Amino acid sequence: MLLRLAIALFSLGFILLLSASGRDGRDLLGKVPRMTVERVPLDARDPGRTRVGALTYLGGIRLKSPDRAFGGFSSMQIKGDRFTLLSDGGTFIRFRMGADWTPRELAFGDLPAGPGTGWLKSDRDSESMTSDPATGRIWVGFERYNAIWRYDDGLTRAERSVQPAAMRDWSVNGGPESMVRLADGRFVVIGETSRPKGSRVGREALLFPGDPTAPGMEPIRFVYMPPDERYDPSDAVQLPDGRLIVLNRRFAVPGLFTARLTLVDPKEFRPGAVVRGTEIAALAAPLIHDNYEALAITREGDDTILWIASDDNQQFWEWSLLLKFRIEFGKH
């Protein structure tokens with residue numbers, strides 16, 4: 001355990017050094033996609049355990065590939081049995097997967113355009129993604145540039161982009177980590193570590209009245225409060241009833257990564273409002289825990305399904321996980 005902690009701390013320091021410099025080169029996925037999966041339990045000490053807070057674990061897999069650019073998944077979209085996982089280096093994978101947990105029709109891709117030249121990883125620091133179910137259009141939030149780009153449904157063409165004035169002063173390494181298009185067409189964007197002046201816990205958050213890349217789209221500002229100052233919001237997704245689940249992640253020693261999921265109501269998003277969520281689940285040891293950064297919602301009959309994916313930072317001691325839960329409010 002001590003050896004793993006030492007390796008983790010050294011690796012994290014190296015990652016932060018590269019992130020701060022912004023000079024690390026960007027690796028592209030190979031032309032021949034390769035990936036294997038391995039089933040994982042919720043609790044390795046108690047393989048029969050399925051319950052965590054308001055969630056029931058339905059299964060999960062670890063994604064692996066010999067491709068050196070594989071991993072780093074920071075956001076995802078799921079439509080039916082079609083999965084898209086976007087990395088924080090502008091690369092993405094797509095596949096189909098059913099109840100047997102066997103990925104099919106695997107494809108690797110790269111965002112066709114974005115901030116900067118694309119030669120450096122900092123040029124494609126893609127941390128968040130959301131889409132319009134009617135048109136299929138996809139919006140991607142880029143952290144280092146505090147920018148939002150809109151793409152077609154196949155991620156083959158960039159349509160337009162914006163660097164919102166309201167995000168101009170956000171941290172270069174703590175920008176639009178969470179972004180969700182609401183069912184009514186509004187957009188919510190939450191900064192990862194960008195804090196309002198005078199606040200130790202709150203995070204900068206915006207509510208756009210429509211497509212943030214459209215001309216003249218001015219957002220309102222509010223403050224999102226994580227569970228405490230040690231947690232950073234890393235993704236958000238809207239439930240069928242209109243409420244949002246926000247994923248909050250922390251790195252610490254001991255324990256490495258932990259995550260807490262909170263439930264918030266968009267009705268509270270008003271100019272200057274301070275919004276606090278209600279915790280619905282926590283993922284920490286002995287449960288499977290990693291650098292969780294991505295959420296998606298699907299439906300199976302009357303059930304609402306929450307998917308969670310992790311960013312392995314392309315480090316051997318972290319994993320690329322894809323976990324599936326059924327949401328059962330009122331039963332925890």
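Two strands are taken to pair if DSSP finds at least two bridges between them, and that is the sense in which pairing is used for this predicted model. Strands E9 and E10 (residues 147–151) clear that bar: they run antiparallel and share five bridges. The two make a hairpin with four residues between the strands, and in it asparagine 146 takes a positive phi near 45 degrees. Close to that turn in the bridge pattern, phenylalanine 142 faces alanine 147 of E10 as its opposite number.On its other side, E9 (residues 138–142) teams up with strand E8 (residues 126–131), again antiparallel and again over five bridges. Threonine 130 has tryptophan 139 in E9 as its bridge partner. E8 and E9 form a hairpin too, this one with six residues between them, and glycine 136 in the turn has a positive phi of about 85 degrees. Further along, E10 and E11 pair in the antiparallel sense over four bridges, with tyrosine 151 matched to alanine 158 in E11.

Put together, these strands make an open sheet of four with the order E8-E9-E10-E11 and antiparallel pairing. E8 and strand E11 (158–162) are the edge strands, each pairing on one side only. On average, neighbouring strands of this sheet are turned by 20 degrees against each other, direction ignored. How well covered is E9? Five of its five residues are buried. That goes for both faces of E9: Ile138, Val140 and Phe142 are buried on one side, and Trp139 and Gly141 on the other.

There is also an open sheet of five strands, in the order E12-E13-E14-E15-E19, and here the pairing is mixed. Strand E12 (176–181) and strand E19 (274–276) sit at the edges with a single partner strand each, so one side of each is left without a neighbour in the sheet. Neighbouring strands of this five-stranded sheet are turned by 25 degrees against each other on average, direction ignored. E12 runs antiparallel to strand E13 (residues 187–191), and five bridges join the two. Within that pairing, serine 178 stands opposite isoleucine 190 in E13.

Aromatic side chains come next, with a count of 12 aromatic pairs. A pair of rings like this is described by the distance of the centres and the angle of the planes. Tyrosine 57 and phenylalanine 325 make a tilted pair, at 5.3 Å centre to centre and 55 degrees between the planes. Tyrosine 57 belongs to strand E3 (residues 55–64) and phenylalanine 325 to strand E23 (residues 320–327), so the pair ties together parts that are 268 residues apart in sequence. Both tyrosine 57 and phenylalanine 325 are buried.

Another pair brings E9 back into the story: tryptophan 139 and phenylalanine 187 meet edge-to-face, with 4.9 Å between centres and 70 degrees between the planes. This pair links distant parts of the chain, since tryptophan 139 is in strand E9 and phenylalanine 187 in strand E13, 48 residues apart. Tryptophan 139 and phenylalanine 187 are both buried.

Rings also group beyond simple pairs, with Phe83, Phe95, Trp101 and Trp307 forming one aromatic cluster. Two of these names, Phe83 and Trp307, turn up again among the residues that isoleucine 78 touches, alongside Ala296 and Thr298, not counting residues up to four places away in sequence. Isoleucine 78 itself is in strand E4 (residues 73–79). Why does isoleucine 78 count as buried? Its relative accessibility is 11%, and buried means under 20%. From C-alpha to C-alpha, isoleucine 78 is 10 Å from methionine 97, and the two are 19 residues apart in sequence.

Finally, a couple of arginines lie over ring faces. Arginine 243 is over the face of phenylalanine 329, at 5.2 Å from the ring centre. Arginine 260 does likewise with tyrosine 231, over its face and at 5.1 Å from the ring centre.

Definitions and conventions:
Residues numbered from 1 in each chain as written. Predicted model: local features only at pLDDT ≥ 70, side-chain atom pairs only at ≥ 80, totals over all residues. Heavy atoms only, no water. Buried < 20%, exposed > 50% of the residue type's maximum accessible area, 1.4 Å probe, protein only. Contact = heavy atoms within 4.5 Å. Axes fitted to C-alpha atoms, helices over the stretch in contact; angles between N-to-C directions. Phe/Tyr/Trp six-rings, centres within 6.5 Å; stacked < 30°, edge-to-face > 60°. Lys NZ or Arg CZ within 6 Å of the ring centre and 35° of its normal.
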